Amino acid sequence: MPLSSQVQQATADRLDRFLTDARAESAPYGPDAAMFLDAAAETLQGGKRLRARFCHSGWRSVARAADRAAAETDALWDLCAALEIFQSAALVHDDLIDNSDTRRGRPAAHRALEARHGELAWSGGAEAFGRSAAILLGDLLISWSDDLLERALAQHPHAVTVRREYARMRRDVTTGQFLDIAEESAWRVNPDAEHAERALRVVSLKSARYSIEQPLVLGAALAGADDDQQRALRAFGHPIGMAFQLRDDVLGVFGDESVTGKPAGDDLREGKRTVLIALTRERLDASTRNVLDDLLGDADLDAAQVAALQATIAESGALERVEDMIRTYAAEADRALAGARLDNASVSDLRELARAATVRTA
């Protein structure tokens with residue numbers, strides 16, 4: 001079995017064990033609480049387990065540099081699972097903020113909870129219930145993530161370092177999420193020349209550090225990485241994270257719904273002020289730029305309007321500029337691994353993971 005599949009399976013097994021324990025502990029809370037836990041478990045299905053895979057690779061690159069026979073520990077799998085649960089929490093809240101109806105080809109958590117309200121014939125507004133319950137669902141998942149983290153770090157020699165990095169990750173992604181929604185409102189009062197820089201700051205905080213860099217560093221810290229190893233992994237992880245999110249932005253506009261699980265042009269309907277949009281606006285005349293600004297964020301955009309916006313973005317050269325940025329970030333990351341005091345086989349795995357994160361269709 002390929003290493004990536006092994007990591008995905010081991011993480012899934014750990015999540016299943018955790019969910020079994022969580023259900024047993026909450027049994028006295030009654031059937032409504034059981035429904036709530038089922039909704040939480042549903043959010044953990046599917047996905048690429050990208051954060052777990054980078055966490056494992058960070059651990060392996062350091063642990064096996066010191067000991068080629070180093071074997072994965074329960075603490076490592078608990079940490080991998082904790083990251084995946086935190087990712088689910090972020091997605092639940094993200095879909096709520098963005099008013100997204102789907103996630104991974106299934107109803108988003110707030111929509112699933114809304115539907116459940118109707119199935120149970122409860123009184124009151126189903127939509128309001130779904131949104132309120134999803135806020136609490138995200139909070140529950142964050143608590144679960146902390147539970148698993150603390151289990152991983154119980155009496156662990158590197159607990160202080162790992163806990164500090166995990167806390168930083170949580171602060172970064174929360175701040176990045178705020179800056180993301182703030183930019184959807186603040187862009188009009190900021191100079192056009194600053195839009196790309198502001199969008200890149202969001203990419204760094206909301207995605208690059210949280211999706212790639214910090215899982216890598218967390219795994220390495222668990223293995224006892226020294227400062228040089230941490231620096232090398234950060235220098236690799238951050239540009240790959242930037243490229244990963246830029247690829248996500250491209251897919252959010254041009255992706256195939258049957259592959260991404262989200263409607264084509266969803267980012268356009270949500271009004272996301274991405275790097276792709278900032279670079280597009282730089283190359284448009286005032287009249288065309290006004291049309292783009294008027295359409296962006298219209299939840300009722302039809303297929304023809306989405307196609308027109310896609311054409312505007314491509315013809316402006318912004319799509320190719322973003323593709324160039326992705327290639328540049330990937331090359332920067334590759335250079336960071338040259339001469340790094342890391343396990344050679346793991347470095348090859350990291351390069352393969354980097355390709356998977358930046359050259360993808362979903």
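The legends below describe close-up views of a predicted model.

**View 1. The largest nonpolar core and the helices that build it.** This core holds 52 residues, of which I85, L137, L141, W144, Y166 and L222 touch the most other members. At least two residues of the core come from each of the helices α1 (3-26), α2 (31-43), α3 (50-66), α4 (74-98), α5 (109-119), α6 (126-153), α7 (159-186) and α8 (195-222). The greatest contribution is that of α4, which provides 13 residues. In soluble globular proteins, nonpolar side chains tend to be buried together.

**View 2. The surroundings of I85.** When residues up to four places away in sequence are not counted, I85 touches L15, F18 and L44, and also L141, W144, S145 and L148. Two of these partners, L141 and W144, are named together with I85 among the residues that touch the most other members of the largest nonpolar core.

**View 3. A second nonpolar core.** Separate from the largest core is another of 28 residues, whose members include A278, L296, M325 and Y329.

**View 4. N99 in the loop between α4 and β1 (102-103).** Within this loop, N99 has a phi near 55°, which is a positive value in a residue other than glycine. The relative accessible area of N99 is 46%, and the residue is therefore classed as partly exposed.

**View 5. R104 in the loop between β1 and β2 (106-107).** R104, which lies in this loop, likewise is a residue other than glycine with a positive phi, here near 55°. Its relative accessibility is 29%, so R104 counts as partly exposed.

Technical notes
Residues are numbered from 1 along each chain as its sequence is written. This is a predicted model: local features need pLDDT of at least 70, side-chain atom pairs count only at pLDDT 80 or more; totals for chains, interfaces and linings use all residues. Side-chain values use heavy atoms; hydrogens and water are left out. A nonpolar core is a set of buried Ala, Val, Leu, Ile, Met, Phe, Trp, Tyr and Cys residues joined through side-chain atoms within 4.5 Å. Buried means under 20% relative accessible area, exposed over 50%, partly exposed in between (1.4 Å probe, protein chains only). Helices (H or I, at least four residues) and strands (E, at least two) are DSSP runs, numbered from the N terminus. Contact means heavy atoms within 4.5 Å.
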